[in-house]
2 protein chains.
Amino acid sequence: MSASRGRPIRLGLLGLGTVGLAAYDLLRRNQDEITRRSGHALQVVAVARRDTQAARRCVDDSVQVLADGHALVTHAEVDVVVELMGGIDPAKQWVLAAIDAGKHVVTANKALLALHGNEIFARARERGVVVAFEAAVAGGIPIIKTLREGLSANRIQWVAGIINGTTNFILTQMRQKGLDFSSALAQAQALGYAEADPTFDIEGVDAAHKIALVSAMAFGVRVQFDRVHVEGITQLQAADMRYAEQLGYRIKLLGITKRVDNGVELRVHPTLLPQRSLLASVEDAMNAVMVCGDAVGSTLYYGKGAGGDPTASAVVADVLDVARLMDADAVHHAPALAFQPSAVDDGPVLPQDEVVTSYYLRLRVRDEAGVLAQLTAILAQRHISLDAVIQREAQGDEATPHTDLIVLTHAAREGVMNQAIAAMQALDVVVQPVVRLRREVFA
Amino acid sequence: MSASRGRPIRLGLLGLGTVGLAAYDLLRRNQDEITRRSGHALQVVAVARRDTQAARRCVDDSVQVLADGHALVTHAEVDVVVELMGGIDPAKQWVLAAIDAGKHVVTANKALLALHGNEIFARARERGVVVAFEAAVAGGIPIIKTLREGLSANRIQWVAGIINGTTNFILTQMRQKGLDFSSALAQAQALGYAEADPTFDIEGVDAAHKIALVSAMAFGVRVQFDRVHVEGITQLQAADMRYAEQLGYRIKLLGITKRVDNGVELRVHPTLLPQRSLLASVEDAMNAVMVCGDAVGSTLYYGKGAGGDPTASAVVADVLDVARLMDADAVHHAPALAFQPSAVDDGPVLPQDEVVTSYYLRLRVRDEAGVLAQLTAILAQRHISLDAVIQREAQGDEATPHTDLIVLTHAAREGVMNQAIAAMQALDVVVQPVVRLRREVFA
């Protein structure tokens, strides 16, 4: 196949772990197909990995193996640096050095961009190079390109997504097998769906990294990771999975960002979704992102959100984009964060107290007359109206029988809801901490 | 908001019907947001519509209104021609004239591109202009960009989609309300989901237009509309919707294109899908496309496939892509059909007889001993194995009681299956034409 019409694009791979190796293999395996599409041959000329002997065993003899990332990013023969090492240090300094050396950068590093994206993108603009990051959100699903280009005619209204596969796998196990969180986590670790230290996943930090990037691209605001309201899934109990199910809902960890009158909502938390909704049917380690625009309406993008091959799919697609535009002036590239830098808003992120949503409450109460009246009075005083109430049979010893009271509310401001919960908690009849989850219906 | 850094992009709208007006309104409504993204102001300088008085009432005084499309596409002040008139004549001659005049073209015209795309794209390449057509497939869902850029690292294996909203609406009505085809069509027409002449939709021609384009982009083959095997939904009966449901399936009209050993499958037909699959849960007039690539695995894209606003979303996104690249050399554009023209295969489309899939058969048979044995012998002789058989209670007058026999088969070559069906049909005990539907399970 001699479809090549441009000069070869020379790549340097920074990091050669699971994703790095998958990208290397994908570039080789689909070499012909990629050249048929791009007109360029993509050539890995150098890789950097601390363990050079291990690296040597993985790549062709023609590929230079370096121990020093800095040497790779400043390598005279590298056109595009592909950063797949992860973490902040030394990834940040090497990415900046690559930019300073005039290299285009493709990265899958969501933590780096969530924390230092504003600085990195600004440096890339100054230097006239591209920093592409499709692989940083939702693996192989081209959601970054969709937000930046596919839906660029829209005023985006909200984005909501299942953007962490580990937690979605755990939640699926909890629901399907009635497991509690820690058993489901242990299973996910045994099956390789969760890392030995799963903190970033289960505490919602990874999803927060991603939704901060998505929010910037959706609304033209800065990357504001430090403003994300983050709740993970570690507090979720099997009982709530069950009750949600009985009420027609399913609990998912969502990253949510919405444009509202007075700013932007930016949050990650477990969320009840109607069982019949598309997002609710996204199971196991799959990812899905819904985007609602004023013209296009609600759209959904679904696929594998992690793993070597899907991530490599996004990385190599980014390389192809860069390759296509490499000889053009940087002015012809879509802006990294979708909006012109001069047009970026300092759109305020709403304090979580001001977010309006509806709620699921579970109260463990004494099984005695008048309890429901006390609770509903607290809600009524604050103009929070009820959507549904269910009461479960009493349990516990007979002297002090307890019961579960589950309440679904209509929309309320979170600050007001928190006051209501505090008032409920103060009642003698409420014998355990009130469980509160949020509920969303994405139309 | 003064984010504009490029010169205004001047647009000429060819056609000012539902989509034309929606695009015009969208460009005005989201002017600020679009400029924030693109750095360019997009300006409609002229529109062409036969009824110039009606057009005059729809647009600003500053917009020139022309009766003659040719005058618009050769207009000195127009940079990009947006063709939203539909049909082949005179759309084809005006699009070619626009290209010859050095204008970039954005079009939503799938019929035009399915029939004459090879010629039009070749002319555009010669002239160094872009013909963009995101709106031609699945409305606002950016599936063209996804196939061309987002998944460009993959060897695409198959694409399957619900890409005609009218038929999906009709099928949803048939299933939910137990309607037969003609009643459901009448309802769809009353509600505005089907046109007065719905032939192109219900006969599968519209879906065939779209899958021919998709196939070219997925595999790097020519646009081969004339090779699509097309079956619409007009022959579907309420009984089969019901039986499929009982067997755990749902019937959808799919456009399917697959890469197989000896060529490419290219077909549109009603298809049984497992009820729990994501595609099966796409209801009403919604569209969804699944794409499976060797690296990314199975992905799905979902949204509104028709209507003014969703289509305008895709049209204006295309204009933004063109605007971004307008000052660059055409070499920097992604190829219109995703692959370099020199790399396009003459990949053969498989004769439908050679397609391998599994089948749903419904046979109306005499309710007498030995019928099932006769039928299964016919299948067994041809090495077609059975997945499930159900038999429904006898109906009709008592002298000649009849019964419905429903058979799900495992995979078989269609030519062989057709022989088997002919043999079954020839049996005395089979009293009506055998109903045959295809079944797919997209993993």
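Of the residues of chain B, B:Tyr301 approaches the rotation axis most closely, its C-alpha lying at 2.4 Å. In this predicted model, local features require pLDDT of at least 70 and side-chain atom pairs are counted only at pLDDT 80 or more, whereas totals for chains, interfaces and linings use all residues. Residues are numbered from 1 along each chain as its sequence is written, and chains are lettered from A and ligands numbered from 1 in the order in which they are written. When copies are superposed by least squares on the C-alpha atoms of residues with pLDDT of at least 70 in both, a turn of 180° and a shift of 0.0 Å along the axis lay chain B on chain A with an RMSD of 0.1 Å. The two copies are therefore related as by a two-fold rotation axis. The same surface serves both of them, in that 98% of the contact residues of chain B recur in chain A.

Two residues are taken to be in contact if their C-beta atoms, placed from the backbone, lie within 7 Å; by this criterion, 55 residues from chain B and 54 residues from chain A take part. On the side of chain B that touches chain A, the elements giving two or more residues are helix H2 (31-38), helix H7 (143-150), strand E12 (297-304) and helix H13 (308-325) of chain B, where helices (H or I, at least four residues) and strands (E, at least two) are DSSP runs numbered from the N terminus. H13(B) provides the largest share of this side, 10 residues. The residues of the side of chain B that touches chain A comprise 25 nonpolar, 18 polar and 12 charged, with Ala, Val, Leu, Ile, Met, Phe, Trp, Tyr, Cys and Pro counted as nonpolar, Asp, Glu, Lys and Arg as charged, and the others, Gly among them, as polar.

Strand pairing, which requires that DSSP find at least two bridges between two strands, also links the chains: strand E12 (residues 297-304) of chain A pairs with E12(B) in the antiparallel sense over 3 bridges. Within E12(B), B:Leu300 stands opposite A:Tyr302.

In chain A, an open sheet of 6 strands with parallel pairing follows the order E3-E2-E1-E4-E5-E6. Strand E3 (64-66) and strand E6 (131-132) of chain A stand at the edges and have a single partner strand each, so one side of each is left without a neighbour in the sheet. Strand E2 (residues 42-48) of chain A pairs with E3(A) in the parallel sense over 3 bridges, and A:Val47 has A:Val65 in E3(A) as its bridge partner.
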